[in-house]
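User: Please take a close look at a single part of the structure shown below, and then set that part beside the other features that deserve attention. I would like one connected answer, with the reasoning spelled out where there is any.

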Amino acid sequence: MAATLLSALLVEILIPVAALIGMVFALIQWFLVSRVSVGGGQASINNGYDQSLLDDEEGYDDAEAVALCAEIQNAISEGAESFLITEYQYLGIFMAVFSVFIFLFLGSVGGFSTKWVSCKANPSELCAPPLANALFSTVAFILGALTSTLSGYLGMKIATYANARTTLEARKGVGEAFIVAFRAGSVMGFLLAANGLIVLFIAIVLFKLYYGNDWTGLYESIAGYGLGGSSVALFGRVGGGIYTKAADVGADLVGKVERNIPEDDPRNPAVIADNVGDNVGDIAGMGADLFGSFAESSCAALVVSSISSFGADRDFVAMSFPLLISSAGIVVCLITTIFATDLFVIKSVKEIEPSLKRQLVISTVLMTLAIAAVCYLALPSTFTINVVGHQPKVVKNWKLFFCVGSGLWAGLIIGYTTEYFTSNAYQPVRDVADSCRTGAATNVIFGLALGYKSVIIPVLAIAVAIFLSFSLAAMYGIAVAALGMLSTLATGLAIDAYGPISDNAGGIAEMAGMPHKVRERTDALDAAGNTTAAIGKGFAIGSAALVSLALFGAFVSRAGIAVVDVIQPKEFVGLIVGAMLPYWFSAMTMKSVGKAALAMVEEVRRQFNTIPGLMEGTVKPDYKRCVKISTDASLREMIPPGALVMLTPLIVGTLFGSSTLAGLLAGALVSGVQIAISASNTGGAWDNAKKYIEAGASDHARSLGPKGSDAHKAAVIGDTVGDPLKDTSGPSLNILIKLMAVESLVFAPFFAAHGGIFFKWLNI
């Protein structure tokens, strides 16, 4: 095999340097956001600008509004931090218990032996003992869980730090507010991408000190990093999703439908809980989710390549190819961000969505060039990839360019398709809005139809990427295609986090009594944010499909399964049960949101009915009571669906064996992707159909409005039904398919050695 152009020493320098560049850039963005003051006094009123800000509404006091913004921001931040700390205490117990499971299950494979054993690939060499693999897999699991936890927490902190600042900047113009929201999103994006990369790289370097030349054992133990990241992401997504939607549904049903008061009206007792939910669900949950995707796709690529010629030749540079792709992505995203914040400044509302979409295009084009450079410099001209049950596949380095590129461009196609089906700038959402003329029933029918139809193009894009990647480089090609889709993670997260920050900014503007012009600007930012959030969910689901398939390939290799034949009864039983799991999981999460929302609705009604002067605005509602209801309900309700996902692979693999588990993973993947895309896009379309009517920006929209009209009430009901679809069930499903796959990969040696107890008992 020919040598690579990069040296191992240079790779060991480039990867951490790229991560440090990402961290420094994030800190610079945070500093620029922090220059917007939220304190009291005249300086804060104008934020360092000489020109007077909006103060032309009768009875409006700018100094009082600024003080209110600071007060509301603190309440949201305290509520989000309180929830996450409580959630992380639960997760700490889970991590401790599951760490013991990993150690005991994997250690039992070799009878907890500490003796080095002959390697499977080369019996003349010695490989690490099973006990060491159990220990290092456990350590990697803990590292992944802690990094995922940190990613979610940091995202929440910057979002709650920037929401009121976005509101205050909206007094000067929509462009200034956009930059603050986007810079804050960038802080989260770059910190998450950089932290995930640097921790994974350090873990590999430290583990290598023990494993030496046992590269297969090294990278199989590193797979625990992905399991830890996705385990935390599951509970973060489900718990955060239940929290935010319980508050949102309760606030909407009682406030907007029954009491006919505006969204985010300070008289609504659930309004603070609603804004807290945006941060713990859409920020912390999404951050942990995409970190999990990054960790799992990296681990899948490393595991598959460790049994290829890269591992056999101890080629550290070629083995580091997945990490070099992520490193190049950080630099590309840095350049892309400058286009949004410095080179193309937003001057009007109509430029917001084009600017965000431009980010996707610029990052994709630049990343394509970066991929070509990395393939040329970090890969030998020819190498082989081992395929279980088949002859090794000879691959040329230019083929990996097309593998990574197919994932990257499939992500762009998914993003644009999601935008088309969820943005009210296009006909599908306007058709949904128009259906509200005849009531909520037709709105629901049109929304469901839109969601089902929106699945077609993303699935075809994923299918093309899978076919091309597998044809060129087998399962390794699919693993790096997933990395290609996630290579612009920092930009994707910045765009996604921008949405909840803008949503919070609009809520703060309403609660603080800001002038109508300010609320118009924050509403415009929020409307674009809904679309970008849907795009982010599309990326997460698309990458989950590729990641899960790559993990599936790594599991099959590690478990020693030569062929997965779905016609055989063991595999087919797993296939059909696996296809059922996303429905079971969705039913659990939807019902959990319903139960939590019911408690919230009753509490909001109670306060409106029993607190004198609440509707008149002369007294404040009990916000903390609603926050407590959402917190308690979400922490209680996240456990059953989480247990379903975590326990299913262990039970199936132990009782029915690796072949049945392989069928289960395939069924869950195929079914879960379809449901996730449909649910997310249906909910996003209903949300933006409602906002389309509320904004009244066109003659058609005005004919359906104004707020409080029958069509608007029908749109609110559709939006309420869609909330748990787009923010709880849909986004959580992509974690289901990834987590079951990576858990199966980690426990594969145990299933191969001791699995299939039930079939062995029946002598089948």
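Analyst: Cysteine 403 is a good place to begin, and it is buried, because its relative accessible area is 0% and the limit for a buried residue is under 20%. The model is a predicted one, and what follows should be read with that in mind. The sulfur of cysteine 403 has its closest cysteine sulfur in cysteine 375, at a distance of 8.6 Å, which is too far for a bond. A disulfide would require the two sulfur atoms to be within 2.5 Å. Cysteine 375, for its part, is in no disulfide, and it also counts as buried, with a relative accessibility of 3%. The structure as a whole holds zero disulfides.

From the cysteines one may turn to the aromatic rings, for which the count comes to 31 aromatic pairs. One of them joins tyrosine 225 and phenylalanine 291, whose ring centres lie 5.7 Å apart and whose planes meet at 80 degrees, so the pair is classed as edge-to-face; the planes have to be over 60 degrees apart for that class. This pair links distant parts of the chain, since tyrosine 225 belongs to helix H6 (residues 215-258) and phenylalanine 291 to helix H7 (residues 271-306), with the two positions 66 residues apart. Tyrosine 225 is buried at a relative accessible area of 1%, and phenylalanine 291 is buried at 0%.

Phenylalanines also gather elsewhere: Phe94, Phe98, Phe101, Phe105, Phe141, Phe235, Phe747, Phe750 and Phe751 form one aromatic cluster. A ring can face a charge as well, as shown by tyrosine 161, over whose face arginine 165 lies at 3.8 Å from the ring centre.

The helices H6 and H7 come up again when the enclosed spaces are considered. There are ten cavities of 30 Å³ or more in the structure, and the largest cavity has a volume of about 300 Å³. Its lining is made up of 27 residues, and those nearest the centre of the largest cavity are Asp282, Asp503, Asn530, Asp687 and Lys726. At least two residues of this lining come from each of H6, H7, helix H16 (489-511), helix H17 (516-559), helix H21 (658-695) and helix H23 (710-746). The largest share, six residues, is supplied by H17. Sorted by class, the lining of the largest cavity contains 18 charged residues, six polar residues and three nonpolar residues.

H17 also carries glycine 542, a residue that counts as buried because its relative accessibility is 3%. The C-alpha atom of glycine 542 is separated by 30 Å from that of lysine 595, a residue 53 positions apart from it along the chain. A further such separation involves leucine 154, which is found in helix H4 (residues 130-169) and is partly exposed, with a relative accessible area of 28%. Between the C-alpha atoms of leucine 154 and phenylalanine 467 there are 37 Å, and the two residues are 313 residues apart along the chain. Phenylalanine 759 offers another view of sequence and space: this residue and leucine 655 are 104 residues apart in sequence, while their C-alpha atoms are 7.4 Å apart. Phenylalanine 759 is found in helix H25 (residues 757-761), and it is buried, with a relative accessible area of 15%.

Two points of backbone geometry complete the account. Phenylalanine 112 has a positive phi of about 60 degrees although it is not a glycine; it is found in the loop between helix H3 (62-107) and strand S1 (117-118), and it counts as partly exposed at 35% relative accessibility. Alanine 474 likewise has a positive phi, near 55 degrees, in a residue other than glycine. The place of alanine 474, however, is in helix H15 (residues 456-486), and this residue counts as buried, with a relative accessibility of 4%.

To return to the starting point, cysteine 403 is a buried residue at 0% relative accessible area, and its sulfur is 8.6 Å from that of cysteine 375, too far for a bond.

Terms used. Residues are numbered from 1 along each chain as its sequence is written. This is a predicted model: local features need pLDDT of at least 70, side-chain atom pairs count only at pLDDT 80 or more; totals for chains, interfaces and linings use all residues. Side-chain values use heavy atoms; hydrogens and water are left out. Buried means under 20% relative accessible area, exposed over 50%, partly exposed in between (1.4 Å probe, protein chains only). Rings of Phe, Tyr and Trp (its six-membered ring) pair if their centres lie within 6.5 Å; planes under 30 degrees apart count as stacked, over 60 as edge-to-face and the rest as tilted. Helices (H or I, at least four residues) and strands (E, at least two) are DSSP runs, numbered from the N terminus. A charge sits over a ring if NZ of Lys or CZ of Arg is within 6 Å of the ring centre and within 35 degrees of the ring normal. On a 1 Å grid over the protein atoms alone, a cavity is a set of points where a 1.4 Å probe fits but cannot get out, and a pocket is an open set with protein on both sides within 12 Å along at least five of seven lines; lining residues have an atom within 4 Å of a point. Grid points are joined across faces, edges and corners, and a volume is the space filled by probe spheres set on the points. Ala, Val, Leu, Ile, Met, Phe, Trp, Tyr, Cys and Pro count as nonpolar, Asp, Glu, Lys and Arg as charged, and the others, Gly among them, as polar.
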